[in-house]
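This report takes up strand pairing, one acidic residue and the cysteines. The sequence and structure come first.

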Amino acid sequence: MATQKRFIAGAVCPRCAALDRIRAWEQNGVRYRDCVSCDFFEQSPIEEETASELETRVNREREEQNTIQTVRILDPK
């Protein structure tokens, strides 16, 4: 059975900079990408690991808000 190749919407080819010309598919535990406008081809193994949340500015702010801070009361005299 032939593997179905799907175009990636909004993807730009790293070689020829053509928009919407990249297609992707998976076969035998390997992820493939190629460009239909030029000879760009890339393959990478599919890693089976737990997906953790990417660190972003929002994540860091949330962690900072969850930390406990002590407050010192100053004597006005």
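## Terms and basis

Burial is graded by relative accessible area, computed with a 1.4 Å probe on protein chains only: buried means under 20%, exposed means over 50%, and partly exposed lies in between. At 21% relative accessibility, Cys38 is therefore classed as partly exposed.

The model is predicted, so local features need pLDDT of at least 70 and side-chain atom pairs count only at pLDDT 80 or more, while totals for chains, interfaces and linings use all residues. Residues are numbered from 1 along each chain as its sequence is written, and side-chain values use heavy atoms, with hydrogens and water left out.

## The sheet

Four strands (DSSP runs of E, at least two residues, numbered from the N terminus) form an open sheet in the order β1-β2-β3-β4 with antiparallel pairing, where pairing requires at least two DSSP bridges between two strands. The edge strands, each pairing on one side only, are β1 (6–7) and β4 (41–45).

Strand β1 is joined by two bridges to the antiparallel β2 (residues 22–27), and Arg6 stands opposite Ala24 in β2.

## Asp34

Asp34 lies in strand β3 (residues 30–35) and, at 9% relative accessibility, counts as buried. Its contacts (heavy atoms within 4.5 Å), leaving aside neighbours within four places in sequence, include Arg21, Trp25 and Phe40.

## Cysteines

With a disulfide defined as a pair of cysteine sulfur atoms within 2.5 Å, the count comes to zero. Cys16 is in no disulfide, the nearest cysteine sulfur, that of Cys13, being 3.7 Å away; Cys16 is partly exposed at 36%. The sulfur of Cys38 is 3.6 Å from the closest cysteine sulfur, in Cys13, which is too far for a bond.
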